Amino acid sequence: MRGTTTPIKFLRQGPLEGHEQGWKDVVRVQGVELATVAGQFDRIGRYVYHCHILEHEMHMMRPFVVMPPEVLKLHPPGGHGGH
């Protein structure tokens, strides 16, 4: 639904305006922009983020897990960690 099957192509890095710099809890991305998000966590555990991308409208809370590096090695990207 309004998604794409064409790979996204990176064109250029744009400058950040003053109000876009620093730690944020909300990031606005225009339709033709990509954003890289870095987070800092003081605890291992399960977290969620809230997303308003139309393709996610039925499931706006998106999950992710913060785990120690030793455990992360057992869970390769796209893999099942040997399970």
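The following exercises, with worked solutions, concern side-chain exposure and ring geometry in a predicted model.

**Exercise 1.** Determine which class the aromatic pair of F41 and Y47 belongs to, using the distance of the ring centres and the angle of the planes.

*Solution.* A search of the whole structure finds one aromatic pair. The ring centres of F41 and Y47 lie 4.8 Å apart. Rings pair if their centres lie within 6.5 Å, so the distance criterion is met by F41 and Y47. The planes of the two rings stand at 50°. Planes under 30 degrees apart count as stacked and those over 60 as edge-to-face; the pair of F41 and Y47 is therefore tilted.

**Exercise 2.** Assign F41, Y47, F10 and E33 to the classes buried, partly exposed or exposed.

*Solution.* Buried means under 20% relative accessible area and exposed means over 50%, with partly exposed in between. F41 has a relative accessible area of 40%, so F41 is partly exposed. Y47, at 25%, is likewise partly exposed. For E33 the value is 41%, which again gives partly exposed. F10 reaches 58% and therefore counts as exposed.

**Exercise 3.** Locate F10 relative to β1, state which surface patch contains F10, and give the C-alpha separation of F10 and E33.

*Solution.* First, F10 is found in the segment before β1, a strand that spans 45–50. E33 is also placed in the segment before β1. Next, F10 joins I8 and L34 in making a nonpolar surface patch of about 380 Å². Finally, E33 and F10 are 23 residues apart along the chain, and their C-alpha atoms are separated by 9.1 Å.

Terms used: Residues numbered from 1 in each chain as written. Predicted model: local features only at pLDDT ≥ 70, side-chain atom pairs only at ≥ 80, totals over all residues. Heavy atoms only, no water. Phe/Tyr/Trp six-rings, centres within 6.5 Å; stacked < 30°, edge-to-face > 60°. Buried < 20%, exposed > 50% of the residue type's maximum accessible area, 1.4 Å probe, protein only. Patch = residues over 30% accessible without salt bridge, like charges linked within 9 Å, V, L, I, M, F, W, Y side chains within 5 Å. Areas by Shrake-Rupley, 256 points an atom, 1.4 Å probe, with all protein chains shown as cover. Salt bridge = Lys/Arg side-chain N within 4 Å of Asp/Glu carboxyl O. Helix = DSSP H or I, 4+ residues; strand = E, 2+ residues; numbered from the N terminus.
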